[in-house]
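Thanks, everyone, for making the time this morning. I would like to walk you through one model, and I will try to keep to what can be read from its atoms.

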Amino acid sequence: MENKVEREGKGLRGKVEDNSSLNLQWFPGHMKKAERLIRENLKIVDVVIELLDARIPLSSQNPMLKEILGEKPRLTVLTKSDLADDVLTSNWIKKFRAENISAVAVDAAHGKGIKNLVAEVKKLAETKTHKLTKYGAKPRSARAMVVGIPNVGKSSLINKLAGMNHAKIENRPGVTRAKQWIKIAEGLDLLDTPGILWPKFEDKEAALKLAWTFAVNDETYDLEISAKLLLETLVKKNPAGLCGRFKLAEPLSEVGEELLQEIGMKRGCIRKGGVLDTEKVIRLVLSEFRSGKLGKITLDDLPS
Ligand code: G4P
């Protein structure tokens, strides 16, 4: 590459082969506690709304959720659909439905898909509430709760649902303490506290995608390796987005290190003495990807 700026600090040269320093962890104690809280709330809800990031419908799944939920009706919601590839999102939804899992996509940032989500939850809950009234119980509102890994959009969705109906929040005695319920539609209440699930950090590829989509904190892994691998992936997934946004010349390099340098130069991430400001360019790349400026990109392919 021409016009190479001097490179500061450590860093791998050439294509990045090793992502072993992506050390994503949840401590066993935290996982047990998260699981216990969800199991406790499961006893008082009829439907679980499982949030998955539409960009990584596979990698944002919690490995134990199926077992924790047992027979409890579940709606799978692909969140942040504004950031994912529309065709792939629709294919993922078809795939879930083909496996008998109800699924919808939402974009809580712009309020898209929310009404559809409510209708689906009501449909799933009615099976349960109808059954109860059939056996002589007093009719009651159906109850749902939201679960998902950190940053998948739980609070944003709950806020959207709460705002939709000028929702009333009421106290109701729960298992161990008063639970707050939000009335999101006629006959449908939502628990205001989501269940937080731990991510799939043992799978290296999933861990990377979780890092890129900010499901884990930037402090927990090597940002430089992560940014280079992201660039190498984007060259394959959406080269046009990368070229367009950073005004890069084609053919694009397939080497993350070189791409980082080129982007750094284009965007003026240079320190005194012509040295690349590595930290600045890394954060720029990650932030532009996360906000969708590099395109609507789905990182998890559908299993063939
Ligand atoms: P969590 O409760 O599951 O941890 O996630 P939360 O709702 O806090 O959302 C995490 C981040 O994702 C927030 O951005 C939020 O705005 C963003 N987000 C949630 N849903 C959507 C969506 O449908 N589309 C897009 N594009 N973004 C979404 P943040 O930068 O952490 O905070 P802020 O920008 O809202 O202040």
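I will begin with the chain as a whole, move on to the ligand, and then finish with one serine and two cysteines.

Please keep in mind throughout that what you see is a predicted model, and that the values I quote are computed from it. The chain contains 10 helices and 10 strands, and of its 304 residues, 49% are buried. If we take the contacts in the chain with a separation of 6 or more, 72% of them are made by residues 24 or more positions apart. As for the surface, the chain exposes about 15,200 Å², of which carbon and sulfur atoms supply 51%.

Let me turn to the ligand, which has 14 residues around it, with Asp82, Asn151, Lys154, Ser155 and Ser156 coming nearest. Sorted by class, that shell consists of 6 nonpolar, 4 polar and 4 charged residues. Three polar contacts deserve to be named individually, beginning with the side chain of lysine 80, where an N or O atom lies 3.0 Å from an oxygen atom of the ligand. The backbone takes part as well: an N or O atom of the alanine 108 backbone is 2.9 Å from a ligand oxygen, and a polar backbone atom of glycine 153 is 3.0 Å from an oxygen atom of the ligand. On its own the ligand has 700 Å² of accessible area, and the protein covers 57% of that.

Now to serine 253, which sits in the loop that runs between helix H8, residues 239-246, and helix H9, residues 256-266. Is serine 253 buried or exposed? Its relative accessibility is 13%, and because the cut-off for buried is under 20%, serine 253 counts as buried. Its side chain has a polar atom 2.9 Å from the backbone nitrogen of valine 255, and it also joins the side chain of glutamate 258 through a polar contact of 2.9 Å. If we set aside the neighbours within four places in sequence, the residues in contact with serine 253 are Val235, Glu258 and Leu259.

Last, the cysteines. Cysteine 243 is buried, at a relative accessible area of 10%, and cysteine 269 also counts as buried, at 2% relative accessibility. A disulfide, as a reminder, is a covalent bond that links the sulfur atoms of two cysteines. How many disulfides does the structure hold? The count is 0.

I will stop there and take questions.

Key: Residues are numbered from 1 along each chain as its sequence is written. This is a predicted model: local features need pLDDT of at least 70, side-chain atom pairs count only at pLDDT 80 or more; totals for chains, interfaces and linings use all residues. Side-chain values use heavy atoms; hydrogens and water are left out. Helices (H or I, at least four residues) and strands (E, at least two) are DSSP runs, numbered from the N terminus. Buried means under 20% relative accessible area, exposed over 50%, partly exposed in between (1.4 Å probe, protein chains only). A polar contact is a pair of N or O atoms within 3.5 Å; within protein, one must be able to donate a hydrogen and the other to accept it, and residues adjacent in sequence count only if both atoms are side-chain atoms. Contact means heavy atoms within 4.5 Å. A residue is near a molecule or strand if one of its heavy atoms lies within 4 Å of it. Accessible areas come from the Shrake-Rupley method with a 1.4 Å probe; for residues, only the protein chains shown count as cover. Ala, Val, Leu, Ile, Met, Phe, Trp, Tyr, Cys and Pro count as nonpolar, Asp, Glu, Lys and Arg as charged, and the others, Gly among them, as polar. A disulfide is a pair of cysteine sulfur atoms within 2.5 Å.
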